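Welcome, and please take a moment to look at the model below. The report that follows walks through its sheets, its helices and the way its chains meet.

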Protein chains: 2
Amino acid sequence: MSSDPQLDKLKFDDNGLVPVIVQDHGNGEVLMMAYMNLDAIKKTIATGKVHTYSRSRGRLALKGETSGHFQLVKEIRTDCDLDVVLLKVEQIVAACHEGYRSCFFRQYDAGAGDWKVVAPKAFDPDSVYQQQKK
Amino acid sequence: MSSDPQLDKLKFDDNGLVPVIVQDHGNGEVLMMAYMNLDAIKKTIATGKVHTYSRSRGRLALKGETSGHFQLVKEIRTDCDLDVVLLKVEQIVAACHEGYRSCFFRQYDAGAGDWKVVAPKAFDPDSVYQQQKK
């Protein structure tokens, strides 16, 4: 229980997670998909900045923690089944750690041998994540 | 293997599924989230109509099979990790079986006791799904 009746209605999966779609509130671009547990949602609401649950790191993560590329929440939606969350955000700089504004920068190209990159880079990941480089 | 090198690069989960975000290609509205297996993606590409893998029914499902509310695929994207698919579609009538254009018709309403419905109904589910009613 979360003491918030709206959050109590969300249906988390067996791992206590719910998929989260993050969308630019201005132009509607889908920026990324991630997962949240109840703590991540509560912290997102309390701070106004997107927090996710990182399955690879096994912990809560503030989106933009290293890069400063925060996502400022404008609106929180859920779907008919109450098992997916949609966040409309103001994206600082870009969402993708590969330097693109949206993580969905690859388009299916019928008959081609590989996905086609269809977006320009918004920043240089090598310089932004420099301190993490080996 | 799928004989399609682009599909071979997608990373399916332990159940052979990948989450799929469906977005209106015209106005950018996020319509729904679903899951696909390799067969569902191949059938979606072959027919131009969204097919999903229904986890509750344990089988492939043509979106709009009962209602006629098909989703016509305009663009297929994937994300930086190649483990999420984004489909931009032309939505016939509406995506949600509850009668709304988008499944994300509920908005978080700070301090309120329940999620707030923020979208109008696009059709009457009782008449569209009449033959399925008990």
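In this predicted model, one open sheet of 6 strands is laid out in the order S2(A)-S1(A)-S6(A)-S5(A)-S7(B)-S8(B), and its pairing is mixed. Reading that order from one end to the other takes you from strands of chain A into strands of chain B. At the two edges sit S2 of chain A and strand S8 (116-117) of chain B, each of which pairs on one side only. Strand S7 (residues 106-107) of chain B joins S8(B) through 2 bridges, and the two run antiparallel. Within that pairing, B:Gln107 has B:Lys116 of S8(B) opposite.

A helix packs on this sheet as well. Helix H2 (residues 38-47) of chain A touches S1, S2, S5 and S6 of chain A, and its direction makes about 125° with that of S2(A).

A word on sheets in general may help here. Strands of a sheet pair through backbone hydrogen bonds, and the pairing can be parallel or antiparallel.

Now look for another open sheet of 6 strands, with the order S8(A)-S7(A)-S5(B)-S6(B)-S1(B)-S2(B) and, once more, mixed pairing. Its edge strands are strand S8 (116-117) of chain A and strand S2 (30-36) of chain B, each pairing on one side only. Strand S7 (residues 106-107) of chain A runs antiparallel to S8(A), with 2 bridges between them. There, A:Gln107 has A:Lys116 in S8(A) as its bridge partner. Helix H2 (residues 38-47) of chain B lies across strand S1 (18-24), S2, strand S5 (71-78) and strand S6 (85-91) of chain B, and runs at about 125° to S2(B).

It is worth stepping back to see one whole chain. Chain A contains 3 helices and 8 strands, and along the sequence they follow the pattern α-β-β-α-β-β-β-β-β-β-α. The C-alpha trace of chain A spans about 45 × 40 × 30 Å along its principal axes.

How is chain A superposed on chain B? A rotation of 180° with 0.0 Å of shift along its axis does it, giving an RMSD of 0.0 Å. The two copies are therefore related as by a two-fold rotation axis. If you want to find that axis from chain A, look for A:Gly28: its C-alpha is the one in chain A nearest the axis, 2.5 Å from it.

Next comes the interface. Here 41 residues of chain A are in contact with 41 residues of chain B. Because 100% of the interface residues of chain A are also interface residues in chain B, the copies meet through the same surface. The area buried between the chains is about 3700 Å², and carbon and sulfur atoms give 61% of it.

Polar links also cross between the chains. There are 24 residue pairs in polar contact between chain A and chain B, counting pairs with both residues at pLDDT 80 or more. On the side of chain A that touches chain B, the elements giving two or more residues are helix H1 (5-8), strand S1 (18-24), strand S2 (30-36), strand S5 (71-78), strand S6 (85-91) and S7 of chain A. Of these, S5(A) gives the most, with 4 residues.

Salt bridges number 12 over all chains, and the count between chain A and chain B is 2. Two examples are set out here.

| Salt bridge | Distance, N to O |
|---|---|
| A:Lys9 and B:Asp114 | 3.0 Å |
| A:Glu90 and A:Lys74 | 3.6 Å |

In the pair A:Glu90 and A:Lys74, A:Glu90 lies in strand S6 of chain A and A:Lys74 in strand S5 of chain A, so this salt bridge ties together parts that are 16 residues apart in sequence.

Terms used:
Residues are numbered from 1 along each chain as its sequence is written. Chains are lettered from A and ligands numbered from 1 in the order in which they are written. This is a predicted model: local features need pLDDT of at least 70, side-chain atom pairs count only at pLDDT 80 or more; totals for chains, interfaces and linings use all residues. Side-chain values use heavy atoms; hydrogens and water are left out. Two strands pair if DSSP finds at least two bridges between them. Contact means heavy atoms within 4.5 Å. Axes are lines fitted to C-alpha atoms, for helices over the stretch in contact, and angles run from 0 to 180 degrees between N-to-C directions. Copies are superposed by least squares on the C-alpha atoms of residues with pLDDT of at least 70 in both. Buried area is the accessible area (1.4 Å probe) that two parts lose on being put together, summed over both. A salt bridge is a side-chain nitrogen of Lys or Arg within 4 Å of a carboxyl oxygen of Asp or Glu. A polar contact is a pair of N or O atoms within 3.5 Å; within protein, one must be able to donate a hydrogen and the other to accept it, and residues adjacent in sequence count only if both atoms are side-chain atoms.
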